[in-house]
Amino acid sequence: MPGVDPRLSRTLEVRDHSGEQRRWHLLDSGPLLAERGITPRGTLLAVHGNPTYSFLFRSLVRADIPWRLIAVDQLEMGWSERTGIKRRYQDRITDLSLLTDALSLRGPVVTVGHDWGGLISAGWALDNRHDLVGMILTNTGVHQELEESLPKALQLASAPWFRTPATSVTDTFLRTTLSLSKPALPAEVRDAYLAPYRTRARRLGIDQFVADIPAAAEHPSRATLERVAEGIRELDVPTLFAWGPRDITFSDRFLRDLIERVPHADVHRFEKASHLVWEDADVAGLVAGWLHENFGTAEEPRTQAPAWRAVSSYAEPAPERHIGAPIAELAADPRHAHSPAVVELGAEDGETREISWSLLNRRIDDIAAGLLAHGVRPGDRVSLLITPGADLTGVLYACFRIGAVAVVADAGLGTAGLTRAVIGSHPDWFIGIKKALVGARALGWPGRRLSVEQLPTVDRVALGVETSIAELARSGSVMRDLGAPLDAPWPAPEADAAILFTSGSTGPAKGAVLTHRQLGAMFDAVGDTLQLAPERGLVAGFATFALLGPALGAPTVVPDMDITRPGELTAPALAQAIAALGSPAVFTAPAALRNILDTADQLDDAGRAAMAGAQSFFSAGAPIPAHLLRDLRSLMPNAHALTPYGMTECLAVAAIDLEGIEAAGEGSGVCVGRPVPRVEIAIAEMDELGRTTGTILDTPGVSGEILVRAPHVRDRYLMLWRTTRTAMRFEGWHATGDVGHLDEAGRLWVEGRADHVLATAHGMLTPVQVEEAAESVPTVRRAGAAVVGPRGTQQIVVILETEQGYRPGRAGRPRPAEPSLQEAVRRAVRDRSGAEVVAVFTTRALPTDIRHNSKIDRAALSRWSEQTLRGEKADSL
């Protein structure tokens, strides 16, 4: 067993449920801990599933887990005895209890289970709750409704004509399970899993396990399954669910069932992991942090709530009011009731449509009443995939009104990212346009389905749609007209309000959960920063921002554009949207700025006049170079150019205008200004390898990780326990993952992502330092900094977009830059930072995030550079 100290292995003769002595094999770290003078905090009782064995849990033997590990090989499995007895689910629970009795195992015990081992460990936990202090379950399922179909993989595996040939006659089932890991398991690890199952006789236990799946009511193990599934509801102990969502057997529906049964559980989904989550992800590291947080160590017991859960106080609290209250206030105000709240361009008949505050407020109440009558309840998660406009606004604020949790994962994430976000949020309801409903059906998205518009009966049946928002609004309107007002209390301030997904620019998109208090504070922060008001509308060139306007009392319009490609917004489309509101504030994605300038020659006189009417211009999502803001003045001469800094987790952190940027002058990174009201910023020290230490700096000009404290910081990340803990490791602060520094004037300068810091032999460099130097070379449009080699000795590679070679869209395969350009870039980087560049390449377009089209995927550049400089054939970017 590679990676396993031979001293961990032991065998034990124990009486089983039949009264016979049986030989067990297990891994026991107790003697090793004693040898090292460590008094264990307790015992981890780890139970494997089918077709693995104790080898699965080898990673739990580590210095930061001062717990005794007992990982068993179940009878008929691994290196334990083959007895020839058919063992049922209850038999295995009983056998495990007899083993722990023989070991004189007493509490505190935390059970750890995977696959079938999850069911068995949960059964042991119920029968030995006097010793139980915690429970960890990974990719398992404790219940299967009789009317539900088994996962297709289990349907095939349990088919009588397939089961025995695949599980025992051959090792097909075992090899297929091992093949689920991506990347593939190392050969020595794969061979270790195969070793105990080399012959048909040694694989009979695999066959028995599959045969014991209690899918039918009459199955002998069904009663035990029901007992355990209901019993774990009573286990009020710290619980952790660690999950690989790419599992073809125990999919997220089993995780949803577990969360419903144990709602207090901490959950962490490893987005790229599959069934063998212990091999695909650092589950042991997650367990180490979770154990320490819940139980401390033998020397340092837990005595208080963990720091990352602490609630900070603020000198200036955000105003307390319900989300959406401004809509009702404006609807009741004769000065504004009939003025536009939402403007829709490019409707089917080609006409511009205006929805007044009065009509919007009525529509929200009608939809809210209809949703309640249809069964949507406070706390239900409602996934929304609706084109920005009056429909989305009405549904979103109706959800806020009744306390349903809005899941906002926009189409800008792309199909794969959107699918991960929707499935991973475990929605109870899915409300979408027809195109989205077709996708939901095809991709297996969960949730009861509602359409926006009323669909023909054939479409409703085909798409599994129960009813439409149009129908619910009509029924809600009728109920209210008949004297049944919307009778629903406003949600509590600490109730979840929304799950907003990050752009996924540095990994899979994360769901940031905000409460009603936090989301209300976020709306106020944005409103204060952008100075929005009913008289001053908002052009949302970045479609997600269309959701903010109504909460801020600002009439809103989305330009005629592809919302999945915000960088392709044209000047004529923007001018049309500005004209619809007169003198609004304009918000766009950073990538759109160049395209607006590039398409300015398409404007006619009316378009130029409309552009001149803009009163302010904002862009956020990536740092904005000052020269772009200056160039935009030729189109919007009267607009106050402001570039806010923020993130999905805390929208609006700092802001600066063009005059402020010019006053700040040149420096390392991009100056994003001073904190907006009610926000504090700090810098955490980083060492020479780019790792954040525990020290908060008080010296201006020193770069480190940016920390934020504000009343509108998200509550947590959805089902990402460790990610939440990492982000809040400084008490009361949110660690942003961005790198920057504060200058003498208290202005924040952003220098890139912490994960992209260049840890070279000459010291730590931030990527922006290198990229800004490269971009100072004439003909270079944009630069991306990549690294190759181990941290501490990393070498720098620069990949360029040039003015001549730039082509929007897929980047393609980079090529070596011309010698003169290579030398110019090397010289510029050397002069600015003192660092040497080992290679310079050009590409048609740098890879960026889908949502903003702006944030460079430096990790992809580094992977490509590593492959290329090793002489391997690298994939296209």
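**Cis peptide bonds**

I began with P51, which I found in the loop between β3 and β4. In this predicted model, a cis peptide bond joins N50 to P51, and I noted an omega of about 15 degrees. I then looked up a second bond, the one from K182 to P183, and recorded it as cis too, with omega near 0 degrees. P183 has its place in the loop between α6 (172–179) and α7. I kept both entries because most peptide bonds are trans, just as most residues other than glycine have a negative phi.

**Aromatic pairs**

My search of the whole structure for aromatic pairs returned 14 of them. The pair I wrote down from that list was F55 with Y193, which is edge-to-face, with 4.9 Å from centre to centre and 75 degrees between the planes. F55 sits in the loop between β3 (43–47) and β4 (68–73), while Y193 belongs to helix α7 (residues 187–194), so this pair ties together parts that are 138 residues apart in sequence. I asked myself whether F55 and Y193 are buried or exposed. Both turned out to be buried.

I next turned to W116 and F209, an aromatic pair that is tilted, at 5.5 Å centre to centre and with 40 degrees between the planes. Since W116 lies in helix α3 and F209 in helix α8 (residues 204–211), the pair ties together parts that are 93 residues apart in sequence. I noted W116 and F209 as buried, both of them.

Returning to F55 and Y193, I saw that ring pairs link these two with Y53 and W79 into a cluster.

**Helix packing: α2 with α3**

For packed helices I noted the angle and the distance between the axes, as is done in general. How do the axes of α2 and α3 lie to each other? The axes of helix α2 (residues 89–102) and helix α3 (residues 116–127) come within 9 Å and cross at roughly 60 degrees. I therefore entered α2 as oblique to α3, and I recorded the crossing of α2 and α3 as right-handed. On the α2 side, the contact is made by Y89, Q90, R92, I93, L96, S97 and T100, and on the α3 side by W116, L119, I120, G123, W124 and D127. Sorted by class, the contact of α2 with α3 holds seven nonpolar, four polar and two charged residues. W116, listed here for α3, is also the residue that I had paired with F209.

**Helix packing: α5 with α8**

Helix α5 (residues 160–169) packs with α8 at an angle of about 145 degrees, and I noted their axes as 7 Å apart. The crossing of α5 and α8 is right-handed. Which residues meet here? From α5 I listed R163, T164, T167 and S168, which meet L204, I206, D207, V210 and A211 of α8. The residues of this contact of α5 with α8 divide into four nonpolar, three polar and two charged.

**Positive phi**

I looked up H426 for its backbone angle and found phi near 50 degrees, a positive value in a residue other than glycine. H426 is in the loop between α16 (414–424) and β13 (429–432). Its relative accessibility is 7%, so I counted H426 as buried, given that buried means under 20%.

T779 gave me another positive value in a residue other than glycine, with phi near 80 degrees. I placed T779 in the loop between α28 and β33 (780–788).

**Two single residues**

I located E772 in helix α28 (residues 767–775). Leaving out residues up to four places away in sequence, I listed G667, S668, G669, V670 and R832 as the residues that E772 touches. I also took the separation of E772 and S339, which are 433 residues apart in sequence and 46 Å apart in space, C-alpha to C-alpha.

My last entry is I402, which lies in helix α15 (residues 390–402). Why did I mark I402 as buried? I402 has 3% relative accessibility and therefore counts as buried. With residues up to four places away in sequence again not counted, I402 touches A368, L371, L372, V376, P378 and P491. Between I402 and N638 I noted 236 residues in sequence and, C-alpha to C-alpha, 41 Å in space.

Key. Residues numbered from 1 in each chain as written. Predicted model: local features only at pLDDT ≥ 70, side-chain atom pairs only at ≥ 80, totals over all residues. Heavy atoms only, no water. Axes fitted to C-alpha atoms, helices over the stretch in contact; angles between N-to-C directions. Helix = DSSP H or I, 4+ residues; strand = E, 2+ residues; numbered from the N terminus. Parallel < 35°, antiparallel > 145°, perpendicular 65-115°, else oblique. Left-handed = near helix turned anticlockwise from the far one by under 90°. Contact = heavy atoms within 4.5 Å. Nonpolar A, V, L, I, M, F, W, Y, C, P; charged D, E, K, R; others polar. Phe/Tyr/Trp six-rings, centres within 6.5 Å; stacked < 30°, edge-to-face > 60°. Buried < 20%, exposed > 50% of the residue type's maximum accessible area, 1.4 Å probe, protein only.
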